[in-house]
Amino acid sequence: MNEFNSLLKKSDLKDFSNLFEESKMATLKQSSSLLTERKSLFNIKQVGSDLLISVGETVVIGEEKNMSMSLEPQIISTKSVDKFKQWIGRSNKYADNYPWKMPSKAWSTKKFIASSELSATEVSDIEKAGWIYLFNDANKVADYKNAIEQFRGTFEASLYNFRRIIIQPGGKLILKGNPAVLLIEEMKILGNGQFETRAICHASIGSLTKTEQAIFINN
C-alpha cells in the first residue's frame, strides 16, 4: 500500500464519503446501464461472484487474514490522479461545500524526485490539494496535478465484482482496507442487516432491495 492510500485509510471519512446518506444515496439508485459503463471502464466481462451473509453472521472483506479466495479483490493501479479520481473520487460537477483546507499558495512548478526535497509546508500543501483534487472540484487545485502524481507515485484500489449480495437479518458485511471499487449487479439487505464501510468506496449497484430497518453505517 502506498503512502497516499495510507493517508486515505487513516482519514475521517464520515462527512464526505458516506455512501448511504445525503448526496451519496444516489449511488444506490444507479441503473444497470450505469453499472455496465463502470464495468466497461475496468474491462470486466466475467460474471461476478455471489455472497450470502447468513443470519447473525459477520463477514469482513478487505482484510487479508479474513479473505477467502472468492472475496479476494483485483488490485488496480494507475499513476494518473485523474484516472484515480474517476475510480474512487467524486466528479467535479458534484463538488460539495465541505470546508476543505486549501493549500497555502499555488504550486510553484517546482521539480523534485523525492519527498525529502520538499519542505513540511510543501508536503502539507500537496496532501491538501490531493484530497480536493479527488473529492471536490479538481479545478481548484489544477496547478498541483503534477506535484500530486510525483509525490504519491502509484495509486491503488481494490476492485470487487459481485453478481449478487444478500445480507440476511442480523448479518453484517464490513468493508475495510484500500480505497475500493464495488460493482454489484444485485444487492438485497433484509431486516436489520448491515453494510458497514470503513474505507473509501465507490459502489455501483444495478438494483438494491432493502426491507425496513436496514442499517447503513460509515465509520
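The paragraphs below lead from the overall fold of this predicted model to its nonpolar cores and then to helix α4.

The protein contains five helices and nine strands, and when these elements are read along the sequence they follow the pattern α-α-β-β-β-α-α-α-β-β-β-β-β-β. Of its 219 residues, 47% count as buried. Among the contacts with a separation of 6 or more, 62% are accounted for by residues that stand 24 or more positions apart in the sequence.

Turning to the interior, the largest nonpolar core has 31 residues, and those with the most contacts inside it are Phe42, Trp87, Ile88, Ile126, Ile148 and Val181. The elements that each give two or more residues to this core are the helices α3 (81-88), α4 (120-135) and α5 (145-152), together with the strands β4 (155-167) and β6 (180-189). Helix α4 supplies the largest share of the core, namely seven residues. Apart from this core lies another one, of 20 residues, which includes Leu51, Ile167, Cys201 and Ala203.

Ile126 offers a useful place from which to look around the larger core. When its neighbours within four places in sequence are left aside, Ile126 is in contact with Trp107, Phe112, Leu118, Tyr144, Ala147, Ile148 and Phe151.

The packing of the two helices comes next. Helices α4 and α5 pack at an angle of about 110°, with their axes 9 Å apart, and because angles of 65 to 115 degrees count as roughly perpendicular, α4 is described as roughly perpendicular to α5. On the α4 side the contact is made by Val123, Ile126, Glu127, Ala129, Gly130 and Tyr133, while α5 contributes Lys145, Ala147, Ile148, Phe151 and Arg152. Sorted by class, the contact of α4 with α5 has seven nonpolar, one polar and three charged residues.

A charged residue of α4 deserves separate attention. Glu122 has its place in helix α4, and with a relative accessible area of 16% Glu122 is classed as buried, because the cut-off for that class is under 20%. What does the side chain of Glu122 make a polar contact with? The partner is the side chain of Lys110, at 3.1 Å. Leaving aside neighbours within four places in sequence, Glu122 is in contact with Trp107, Lys110 and Glu117. Trp107 thus appears in the list of contacts for Glu122 and also in the list for Ile126.

How values were computed. Residues are numbered from 1 along each chain as its sequence is written. This is a predicted model: local features need pLDDT of at least 70, side-chain atom pairs count only at pLDDT 80 or more; totals for chains, interfaces and linings use all residues. Side-chain values use heavy atoms; hydrogens and water are left out. A nonpolar core is a set of buried Ala, Val, Leu, Ile, Met, Phe, Trp, Tyr and Cys residues joined through side-chain atoms within 4.5 Å. Buried means under 20% relative accessible area, exposed over 50%, partly exposed in between (1.4 Å probe, protein chains only). Helices (H or I, at least four residues) and strands (E, at least two) are DSSP runs, numbered from the N terminus. Contact means heavy atoms within 4.5 Å. A polar contact is a pair of N or O atoms within 3.5 Å; within protein, one must be able to donate a hydrogen and the other to accept it, and residues adjacent in sequence count only if both atoms are side-chain atoms. Axes are lines fitted to C-alpha atoms, for helices over the stretch in contact, and angles run from 0 to 180 degrees between N-to-C directions. Angles under 35 degrees count as roughly parallel, over 145 as roughly antiparallel, 65 to 115 as roughly perpendicular and the rest as oblique. Ala, Val, Leu, Ile, Met, Phe, Trp, Tyr, Cys and Pro count as nonpolar, Asp, Glu, Lys and Arg as charged, and the others, Gly among them, as polar.
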